[in-house]
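Please look over the sequence and the structure shown below, and then read the report that follows.

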Amino acid sequence: MNRRLLWLPIAAFGFWHIRLVEIMPLIVILFIYLIFAQEGKKAILFSGLGSVVGFVVSFVAAALSSNGYYYGNAAGLLLSGTNGQGFGKLGTIIYARYDIILLVASVIAIIVLLISYLISVRNVKPLALLNKLALPRWAVAIATVTLMALIVYRWIAISSGDATINVGNYALDYRGKGILASLFHLTFAAYAEITGWVLMLVIAINLFYVKRKFSEVEMVMVGIFIYTILIYSCVLRLEIYKGFAWLRYITPYVPIIIVLGSYYLDRLKRRLRTIIIAVSIVFILPFSYLVITNTDMTTVESSALHKIIAQVNSMPDDSVIMMDEATTMRLYLPLEATTDKMIIPSFLSDDTINSLQIELSDKRFFNIYISGGSETNDDTIAVIENYVKFFPHPRSPYSYVMPLKASLGRADIKVDKTGDLLTALSKSKQLMFIPRYQAFIHDFWGIENDFAWSKNKSSFTLPLSSDVGQTITISYRQYIPAYVFDNGNELKCTIIYEPTGETIYLGTINSTNYNGIISFEMLKEQMVDSTTHTFTLETDTWNPVNHGAEDGRDLGLAIERISWES
């Protein structure tokens, strides 16, 4: 293998997914090891430096091209997915300056690689000293016990429902559900489950109870195991939130368990080895059968996509297709590539849409949207049924990552005649905080990709029917750091129905009910006869500059969506 090309797959992975940041420290350590352990030191140094430079270029590209996704998937890693919550002033600074931290760390890595090379060419052999001393098993045991203790602590905190303990954003959904239910959301448990449980037990026995010294190969594998499995489980990726789909985040590291477990299995007698392998297969066989016999997880079935394309192509030449966010994610690119109709996706700005509506005022507008129900209306011109299948969903909280049953989800694509943006908004029954819907929110701090901070007094307009009562739900990101709620502090929240001045909602947000949802009822008798209704949201504010950040805005809630249901 050409050692000068070792950097290429690493840099390529960085452009494929920002999560290369998770394993870059391990990659740098392995290159340092190779510099000392292998011939062709210049080529290995070249690949080490190339890997770091490729990483820097990839994360800068991610930050420039998709800032929200970059921060959500990279910046949160250092803070256990909490965007700074629970880490006080330090957490706020780290989150706000994560790109600079990565750049500085990369420069340090380059310097360390260069120093390692200079030491190695002077015939200094630190590896020989390391091998002579051997990695003491008591050190591995202490590291393993400490990391496992952190995992168990967080597991107990989630299962007990203790809201004062920082457990990350996603754990809120299953906090207080009990010991077993919360266990299967932990990353460490997911690793054990998808490898058949027994391999993890074999590894643990060899790490704790076998008295021999580590071999050089074993020492490297154990180090990788501790980083990618234990440290990853209690620091970088704390939980498997959505079950099966979230396994994509740990899939690259599963072979580490298999390789190290196989290394230890090879030391056992053939009969015992066969029994352990058989037991592991028994654990994973039901899920394997599920994968083999069921449909793949898709966003749009091929047959449904062809029907949608045919429907759009059959529309008049002067047709303009409008899409909401959910439909844009699934259908914008295939329709743009296979039809000659003009498509207005959800990510266009208000100014662009307004100018297009003026320019295309004589055109016919249609709205394509996703619906979970079978109802139609006078404007519906087509329904494409069962456009998507979801695979698989857990039927029991005790089989969360590898469920024993699959369910096929039903959703329809509907094509309606529509007139304008307000009509499209009415059909989707949700106001999303993206540029397309900016005309319907007032006095917020501006849309930041797909959410917006409220001010002390902000407002929003909804196209509600006044013929029936409505349940209105405001979804907000849990981006307020935990220290804002220290010492029992609360944020008062009031919602006022502007046409009558009536207070519809009055409450407080604190550390015990900070769950991302505000919901209230709007009775038919409370509503004026109108097609649009404006609400004022008043909240107490907090200022990041008071906690070490440079953002001097007075912020309320990070709102991402407002939905309603009659």
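Which residue in strand 13 does serine 459 stand opposite? Serine 459 stands opposite threonine 536, and the report returns to that strand after some notes on the model.

## The model and its overall make-up

This is a predicted model, in which local features need pLDDT of at least 70 and side-chain atom pairs count only at pLDDT 80 or more, while totals for chains, interfaces and linings use all residues. Residues are numbered from 1 along each chain as its sequence is written, and side-chain values use heavy atoms, with hydrogens and water left out.

The protein chain has 18 helices and 14 strands, which are DSSP runs numbered from the N terminus (H or I of at least four residues for helices, E of at least two for strands). Of its 566 residues, 47% count as buried, where buried means under 20% relative accessible area, exposed means over 50%, and partly exposed lies in between (1.4 Å probe, protein chains only).

## The nonpolar cores

A nonpolar core is a set of buried Ala, Val, Leu, Ile, Met, Phe, Trp, Tyr and Cys residues joined through side-chain atoms within 4.5 Å. The largest such core has 68 residues, of which Tyr191 and Phe225 touch the most other members. Several helices give two or more residues to this core, including helix 2 (24-37), helix 3 (41-65) and helix 10 (187-194), and the largest share, 12 residues, comes from helix 12. Apart from this core lies another, of 40 residues, among them Ile441, Phe460, Ile472 and Ile480.

Helix 8 (137-160) also gives two or more residues to the largest core, and the buried residues of this helix include Val140, Leu147, Ile151 and Trp155. At 1.5 Å a residue, the 24 residues of helix 8 should span 34 Å (the expected span is 1.5 Å times one less than the number of residues), and its end C-alpha atoms are 34 Å apart, which agrees.

## Strand 13 and its partners

Two strands pair if DSSP finds at least two bridges between them. Strand 8 (residues 452-462) and strand 13 pair in the antiparallel sense over 6 bridges, whereas 5 bridges join strand 10 (residues 491-497) to strand 13, and these two also run antiparallel. Threonine 536, which stands opposite serine 459, is in addition the bridge partner of isoleucine 496. Because 5 of the 7 residues of strand 13 (residues 533-539) are buried, this strand is largely enclosed by the rest of the structure.

## Salt bridges

Side chains of opposite charge can pair when their charged atoms come close. With a salt bridge taken as a side-chain nitrogen of Lys or Arg within 4 Å of a carboxyl oxygen of Asp or Glu, the count comes to 4 salt bridges. One of them joins lysine 457 and glutamate 538 (3.6 Å, N to O), linking strand 8 to strand 13 across 81 residues; glutamate 538 counts as partly exposed, at 25% relative accessibility.

Glutamate 560 forms a salt bridge with arginine 477, with the closest N and O atoms 2.6 Å apart. Glutamate 560 lies in strand 14 (residues 558-565) and arginine 477 in strand 9 (residues 470-477), so the pair ties together parts that are 83 residues apart in sequence. Lysine 341 forms a salt bridge with aspartate 340, the closest N and O atoms being 3.2 Å apart; lysine 341 counts as buried, at 6% relative accessibility, whereas aspartate 340 is exposed, with a relative accessible area of 61%.
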